[in-house]
Structure formats: structure tokens, C-alpha cells
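This report describes one helix and its surroundings, followed by the packing of two further helices.

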Amino acid sequence: MFPSKHGRGLLTKSSRKAKKVVPNLLQILQAKLKFASTLAVKPASLLAIFALGRLKARGAVEPLIEFLKSEAVPEVEKVAAIWAFGEIGDQKAIPVLVLFLGNLISDRPADEKMFAKGIAVTEDEFKKRWRWKVRDWAEEALMKLKPEIVELFRKVVEELDKNALFELAKEYRSEIVAALTGLLDGRQRDWVFNAVWVLRELKAVEALPKLRRLARRAGPHLREYCQKVIAELEEFSRLPRAVGVG
């Protein structure tokens, strides 16, 4: 059934209002990035992100990607931006979301009620997410955009599935490496071991600094394995650039 002329008029009017509001919302985020030295969690920034997500503002995707990549942005606001990507539904956000699949930070929202209202869930529903890590929010957003990525990543880190790794690495190799190096900071022993194994399979020489730090603080068994992988990656890094990863 097609909407009536009256209904179409309301939709057009609503979309025109959204187009006028979005630039103002983006200016709030740009101002936040501009004054990076004074960044802190502020209601204006959070509300702007929530509004962009609820408006499904596709024009906000690239500015939000820039915002999300900034190290100075508080984790709470990054979580809000990750949520917004899931609401907007633009595939361009997928690579940056993959980066956060290894982020094990569980930063609590500064204002639980405001956050729950911003993402349009009840307080009871939000309490279920209270202990979510950043990676959980990234998984939720990716499930709306491309759920097979979540399934493949889980197979890689939980089952050491080489076929799943090959599928992911074809398009998202650098993002997967970044996510795996994040897992190295975790306390889930199996995932740490598995992340080291996957980095070895990917010949991820860019992960060497993180692997060396892990080896220094790890227990005997993990340290021995890390040292073995480090030696292999160092040897691989000395090969001519023409030698690719199989």
C-alpha cells in the first residue's frame, strides 16, 4: 500500500526538517574534535550523536567515522557513535566497526537514564547492557549491517577457523589485525592465545610491538609461544616485499 498524498507530504516535511537539523548536529561534533584538549563527556555531544542515529542521517556517516577514530573522544561517546552506525545502516561504517571487535573496555555511561532514552530503550532493557564491553556494541551494530562478519570473527577467535579467517582477511585484514591486538589486553586466556595464533597466520608484522609487550608480562607458557611467533614474524619482516602472505 502506497502512502496517501497527505502522508507523503508529512514525510517530505519531516525529511526537510532532518536535513536542516543534521548540519547543526555535525557542528557540535566538529567543535568537540577541534577542542580535543578539553574533551570530556558532555550531554550536547551525546545528544547530537543520538539524534543523528535516530534520524538515520546518512550524511553523518563519514563525520562520525572521523569522530570515532579520534583517540581523544571518551569511550562513552564512541559507544554512542557505534550505536548510531547500526541505526543509520550505511555499509561504509563496517570497516571502522570491525576495528572495535577487539575493544574490551567496559566504560559505563555517565548518565544511565540519558543514554537509555537516547537509544530509545527502557531502563530495564538498558540495564542488560550495563556491563557490555565496547566490542559488544560493535557486534550489535554489525549484526544490523553485515551479520556474517560477527559470525566469522567469532569462528576465528573461538575456533581458529582458517576458512573464516580467509574470508575476513580478503576485505578487512588491517581491521582484523587491529581488533586482534586489542584482544591481547584481555583476561580471557583462550582468546589471547588464539589471537596470537591468528596474528601468526596473518603474518601480521605490524603487531610485533604489542606481541613483545605481551611476552614481557605473560606467564611461562604464553611467553614461550609469543616468543616463537615473534621470531617467525621478525624473520618474515626481513623477506623482500615481493613475498606475499599466502
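Helix H11 (residues 189-201) contains 13 residues and spans 19 Å from its first C-alpha to its last, close to the 18 Å expected at 1.5 Å a residue, the expectation being 1.5 Å times one less than the number of residues. Helices are DSSP runs (H or I, at least four residues) numbered from the N terminus. The model is predicted: local features need pLDDT of at least 70 and side-chain atom pairs pLDDT 80 or more, while totals for chains, interfaces and linings use all residues. Residues are numbered from 1 along each chain as its sequence is written, and side-chain values use heavy atoms, leaving out hydrogens and water.

The buried residues of H11 (under 20% relative accessible area, 1.4 Å probe, protein chains only) include Trp191, Phe193 and Trp197. Asn194 also lies in H11 and counts as buried because its relative accessibility is 13%. Discounting residues up to four places away in sequence, Asn194 touches Val157, Glu158 and Leu160, where contact means heavy atoms within 4.5 Å. After H11 comes Lys203, with a positive phi near 55°.

The elements that cover the buried residues of H11 include the following.

| Helix | Residues |
|---|---|
| H8 | 134-145 |
| H9 | 147-159 |
| H10 | 162-183 |
| H12 | 208-217 |
| H13 | 220-237 |

The axes of H9 and H10 come within 11 Å and cross at roughly 65°, so H9 is roughly perpendicular to H10, a class that covers 65 to 115 degrees. Axes are lines fitted to C-alpha atoms over the stretch in contact, with angles from 0 to 180 degrees between N-to-C directions. Among the residues that make the contact are Phe153 of H9 and Tyr172 of H10.

Notes:
Helices (H or I, at least four residues) and strands (E, at least two) are DSSP runs, numbered from the N terminus. Buried means under 20% relative accessible area, exposed over 50%, partly exposed in between (1.4 Å probe, protein chains only). Angles under 35 degrees count as roughly parallel, over 145 as roughly antiparallel, 65 to 115 as roughly perpendicular and the rest as oblique.
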